[in-house]
Amino acid sequence: MATVRICVCGDEGTGKSSLITSLVKDVFVPKIQSVLPPVTLPPTLGTPENVTTTVVDTSALPQDRDKLRKELRKSNVILLVYSDHYSYERVALFWMPYFRSLGVNVPVVLCANKSDLQTNGSTSQVVADEMMPVMNEFKEIDSCIRTSAKEHHNINEVFFLCQKAVTHPIAPLYDSKEANLKPAAVAALRRIFYLSDRDQDGYLNDTEMHAFQLKCFEKPLSEDDLMNIKRSIQKVSPESASEKGIDEKGFLLLHKIFAEKGRHETIWIILRKYHYTDSLSLKDTFLHPKFDVPQYSSAELSPAGYRFFVDLFLLHDKDNDGGLNDAELSALFLPTPGPPPSWVDSAFPSCTVRNEAGYITLQGWLAQWSMTTFEEPKTTLEYLAYLGFESSDRGGTTAALKVTKARKRRNRPGRVERNVVLCYVLGASGSGKSSLLNAFLNRPFSTMHYPTIKPHSAVNSVELQGGKQCYLILEELGELEPAILENQAKLDACDLLCYTYDSSDPDSFDYIVQLRKKYPHLDGLPAVYTALKADQDKAMQRTEMQPDEHTSALNMAAPLHVSVTWNTISEFFVHGGYFVETDRDSRRVVNPFHPSYDSGMTRVSTKACFAETTAMEEAAGDGGGEGGKQQQQQWTTLTRSASTSIYYLLTQGRGLGRFHRNKGRTVHTLHKGRARYVIIHADEVVNGIRPRGEARVETYVVGQAVAAGERLQWVVEGGKYKASFLLPDDDGGVEGEATSGSSSKDGCLISETVVPGFEYADHDFLKPERLVELVGEERAAELAWLLTKSVE
């Protein structure tokens, strides 16, 4: 990062300009202008990473709000200044929600200025009583400090904290409340430990520690420094630094010590050397480097790539049985998100070669990666990055791949120049295509038949004449066969067609004849014919020409008659969502929101109306054509379910429920987690209780701390807009959508019961113009981040 831009914010009179002047002049200047022009600090002033720093003063006056918004959006870090009780209260009530409403996702340094005037105790008391509660609620606050421009107290330090919050932020790494590393930092450091543990024995021995030091800091680690590191770890966890080396617990403990001692720059140097971003995710350019495959060419593993995957297999085959069992595979994929999605879809390892125990062999392991590289080279590059591939010539992960020459189409035998060949297996349903694929993988025979729906692949190595080995991918297309055969790009990637038919079924071969008539462009691809189920009685095919005559007319070899064994691969699908309806009362009640509804109707008339709608339901249930549909629609309009209930879940990925309202009354019950609810009482404006632009806005926290005012159960009456966002549990986390870091692991789970039952006709989202009408422009700007994207 070349420049750090600090936006100094806070109420008028808190001393923002005095802080900047005291920094530049090195003395206190009593009389200065209200807003200073931007100040640029050269990198020679000892700034971290030698960055240039720009400090921007701002005004808190309403007429200067547009300029403030622009400066906030251009900043890398915000210095939020307060100096008395009023300006302190405004930190949580206005400033922090205002930053969020703008979508500004930058660290905030909280500064208690004018400490020379404070009479409310020591610095430690101010931090504990004032700063920590705010920091716990707003996790984007990176650090806090007490200053005095008049006494030049902590002036350089406060701006240095701002610089460090950008170049080496502590917030993503360490939770001061829990006094521990944050989960994302732990996950990153565990991956680094895994990659540094070259022999995968669970310890970083001295040799591995020296290699780690050279990689990260480009200088050797002295024996004294290594002994000091081990002693520091042993003081807290004696068993974590032994003669074997430093285990994972000790490695994490070492970095926790770095964070507690303010040496988080060291942690960031390590993380960035392993390609982590400030959000502790791997850089996209590292996971997905530029790698183009021209048309008619394909991607394959290079010798370096094959060597890497062979070494990886041998390293994790701890029991030396020639296969990777479930535990060994889990350990291998530990630094990754898990096996590639395409592997999961193909029921890996069922799609490749396994030993008798069902574990993937080295042959199957290399075949699987060969197929993945052929079909999804970007996936292979991504996993090479996760698994720690390093090229000797600094070429990155692309050094593990190579691009083949363009394919040459020919219908006669010739030299195979590539290592991976793709063959589409075509034929009628029940002809035995799946059995062919499973026999290719040496699977046992099964009499059960399951039609193939999705494309199904099998990959294995084959030896050609002359001893050359290549990997053959057999792919059965399933119900996507028409789409694939019409897709020229898919056909360009195919090397061979295998036409299969059931030699015992007289109608099976006709499918191939009709297929070639429907797709004449298939004639340009090399092809072979296979007659399956040859162990059964051969049947005469009901076609103009028998298969032998057909292939002879095409100047092709006669079909090869074979008998194979086969089994099936079961695939399971999991669906999920963020809310699910758990109950809908079968009883119907009069729709109180219908224009014809009279709220003053007597019980008798209500019963009569209910009886009428019941009759409509019965008539609709009898069918009745269009008349029945009309009565069904009328019945649905005039009535509602007595009640409906749902589970509603806020998660880290979707921790925000945007403003919406129901016409019905909604009773909420908290199951777990914490969230903040924001309620706009629009019904009071509609009913004339409050004027337009002054709708009451209510907010409260739902959680388990009832003694602290948190709610376990709450009711939102119909006609009120509500929004909600995730808050941290007691173990720390992140509040709201616009923050980064770790939030409540399991989210916030709520039950909602709507009376009368929910219908989409009774629901709407809040629109921006309506928000302005209800609360006015200034308040609307603060709440706009809670609007749904679809109506903004």
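A residue counts as buried when its relative accessible area is under 20%, as exposed when that value is over 50%, and as partly exposed in between. With this scale in mind, E778 counts as partly exposed because its relative accessibility is 46%, and the tour will come back to this residue after a look at the whole chain.

**The whole protein**

The model on the screen is predicted. Show the protein as a cartoon, and its secondary structure comes to 26 helices and 33 strands. Of its 792 residues, 49% count as buried, and the accessible surface comes to about 39,000 Å², of which 52% belongs to carbon and sulfur atoms. If contacts between residues at least 6 apart in sequence are considered, 73% of them join residues at least 24 apart.

**The six-stranded sheet**

Select strands 1 to 6 next, which form an open sheet with mixed pairing, in the order 2-3-1-4-5-6. Strand 2 (39-41) and strand 6 (141-146) stand at the edges and have a single partner strand each, so one side of each is left without a neighbour in the sheet. From one strand to the next, the twist averages 20°.

At the edge formed by strand 2, add strand 3 (residues 52-57), with which strand 2 pairs in the antiparallel sense over 3 bridges. Zoom in on L41 here, whose bridge partner in strand 3 is T53.

Now add helix 3 (residues 85-101), which lies across strand 1 (3-10), strand 4 (77-82), strand 5 (108-112) and strand 6, and runs at about 155° to strand 4. Helix 4 (residues 123-137) also packs on the sheet, where it touches strand 4, strand 5 and strand 6, and its direction makes about 155° with that of strand 6.

**The two sides of helix 2**

Select helix 2 (residues 65-74) and show its side chains, among which R65, L68, E71 and L72 are buried. These four cover an arc of only 120° around the axis, which puts them on the same side of helix 2. On the other side of helix 2 are K67, K70 and R73, which are exposed. To see what covers the buried residues, display the surroundings of helix 2, which include strand 1, strand 3, strand 4, helix 3 and helix 26 (777-783).

**Salt bridges across the chain**

The structure holds 33 salt bridges, and a few of them make useful stops. Start with R65 and E778, whose side chains meet in a salt bridge at 3.5 Å, N to O. This pair links distant parts of the chain, since R65 is in helix 2 and E778 in helix 26, 713 residues apart. R65 is buried, with a relative accessible area of 9%, whereas E778, at 46%, is partly exposed.

Move next to K164, which forms a salt bridge with E265, with the closest N and O atoms 3.4 Å apart. K164 lies in helix 5 (residues 155-167) and E265 in helix 10 (residues 264-273), so the pair ties together parts that are 101 residues apart in sequence. Here K164 is buried, at 11% relative accessible area, while E265 counts as partly exposed at 23%.

Then select R198 and E390, a salt bridge in which the closest N and O atoms are 3.8 Å apart. R198 is in the loop between helix 6 (183-196) and strand 9 (203-204), and E390 is in the loop between helix 16 (377-387) and strand 15 (401-403), 192 residues away along the chain. E390 is partly exposed, with a relative accessible area of 46%.

As a last selection, take R5, E71 and K74, which are joined into one network by salt bridges that share partners.

Terms used:
Residues are numbered from 1 along each chain as its sequence is written. This is a predicted model: local features need pLDDT of at least 70, side-chain atom pairs count only at pLDDT 80 or more; totals for chains, interfaces and linings use all residues. Side-chain values use heavy atoms; hydrogens and water are left out. Helices (H or I, at least four residues) and strands (E, at least two) are DSSP runs, numbered from the N terminus. Buried means under 20% relative accessible area, exposed over 50%, partly exposed in between (1.4 Å probe, protein chains only). Contact means heavy atoms within 4.5 Å. Accessible areas come from the Shrake-Rupley method with a 1.4 Å probe; for residues, only the protein chains shown count as cover. Two strands pair if DSSP finds at least two bridges between them. Axes are lines fitted to C-alpha atoms, for helices over the stretch in contact, and angles run from 0 to 180 degrees between N-to-C directions. The arc is that of the directions from the helix axis to the C-beta atoms. A salt bridge is a side-chain nitrogen of Lys or Arg within 4 Å of a carboxyl oxygen of Asp or Glu.
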